[in-house]
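Me: Here is a model I would like to go through with you. I will ask for the grounds behind each label.

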Amino acid sequence: MDAAAYLRLRLYGLRESPTAFGSSHAEERHRPVAECRKWLEDSPQKEIFVGAFAGNVMIGQAALKRERTTNRKQRHKAWLWGMYVHPRYRSQGVGREIAVKLLQAARGMKGLEIIKLAATSTNNRALGLYRRVGFRHYATEPKALLVKGRYYDFEYLMIDVAGGKSKAKPKSGRLTDGK
Ligand SMILES: CC(C)(COP(=O)(O)OP(=O)(O)OC[C@H]1O[C@@H](n2cnc3c(N)ncnc32)[C@H](O)[C@@H]1OP(=O)(O)O)[C@@H](O)C(=O)NCCC(=O)NCCS
């Protein structure tokens, strides 16, 4: 993927939709293209990037990032991250197509079972999109973002992409209090 095009749209999105992302334009605007390129070219078993194009202009993007941990017990999880569609191309199915592509790619990633994401609770458009492709809500983080003096909650959603193919057995049985 073209790192300069990726970064251009990412920076535009951070400025245009400040409450949609945990990061900010001010924090990322000096990021070197070379650093971004290295990150984009990281092992496909750890991260996947999807770009949507109109002609040769990038108009949409998102990434799947494996949980950053050396802990084996958590390697079955990844985050859907950085979803953005340029305002001129919204409500035409671009976001949905990106999400579906990432989910397809996730199903081909060895050992990956759970994809999680966080969206601002006021972001009905993003939440609607994620629910339509199968994500379900599992938690709310109050006051997750503070943007221009206003707090925003995060809604956490997840999807199980293993589809019953996981080798792990779900633990059943009742919790006891030891009495
Ligand atoms: C969220 C975003 C990526 C959606 O992209 P998009 O290309 O407009 O989305 P789509 O056209 O594919 O719409 C997909 C789904 O979103 C939902 N949706 C679209 N517009 C909506 C609206 N105004 N209100 C609620 N849901 C809406 C629908 O469920 C739609 O499903 P359908 O196609 O089955 O009807 C885009 O609006 C965006 O970049 N927003 C700013 C950044 C952002 O919020 N990123 C998400 C961070 S978590």
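Me: What makes the residues of the shell around the ligand nonpolar, polar or charged?
Reply: Residue type decides: Ala, Val, Leu, Ile, Met, Phe, Trp, Tyr, Cys and Pro count as nonpolar, Asp, Glu, Lys and Arg as charged, and the others, Gly among them, as polar. By that rule the shell divides into eight nonpolar, nine polar and four charged residues. The model is predicted; local features need pLDDT of at least 70 and side-chain atom pairs 80 or more, while totals for chains, interfaces and linings use all residues. Numbering runs from 1 along each chain as its sequence is written.

Me: Which residues come nearest to the ligand?
Reply: Of the 21 around the ligand, they are Arg90, Gly95, Arg96, Gly128 and Leu129. To be near, a residue must have its C-beta atom, placed from the backbone, within 6 Å of the molecule.

Me: Which element gives the most to this shell?
Reply: α5, with six residues. Helices (H or I, at least four residues) and strands (E, at least two) are DSSP runs, numbered from the N terminus.

Me: Why is α1 called roughly perpendicular to α3?
Reply: The axes, lines fitted to C-alpha atoms over the stretch in contact, with angles from 0 to 180 degrees between N-to-C directions, cross at roughly 105° and come within 9 Å. Roughly perpendicular covers 65 to 115 degrees, so α1 is roughly perpendicular to α3.

Me: Which residues make that contact?
Reply: Ala3, Ala4, Tyr6 and Leu7 of α1 and Val33, Cys36, Arg37 and Leu40 of α3; contact requires C-beta atoms, placed from the backbone, within 7 Å. They divide into seven nonpolar, no polar and one charged.

Notes:
Parallel < 35°, antiparallel > 145°, perpendicular 65-115°, else oblique. Contact = placed C-beta atoms within 7 Å.
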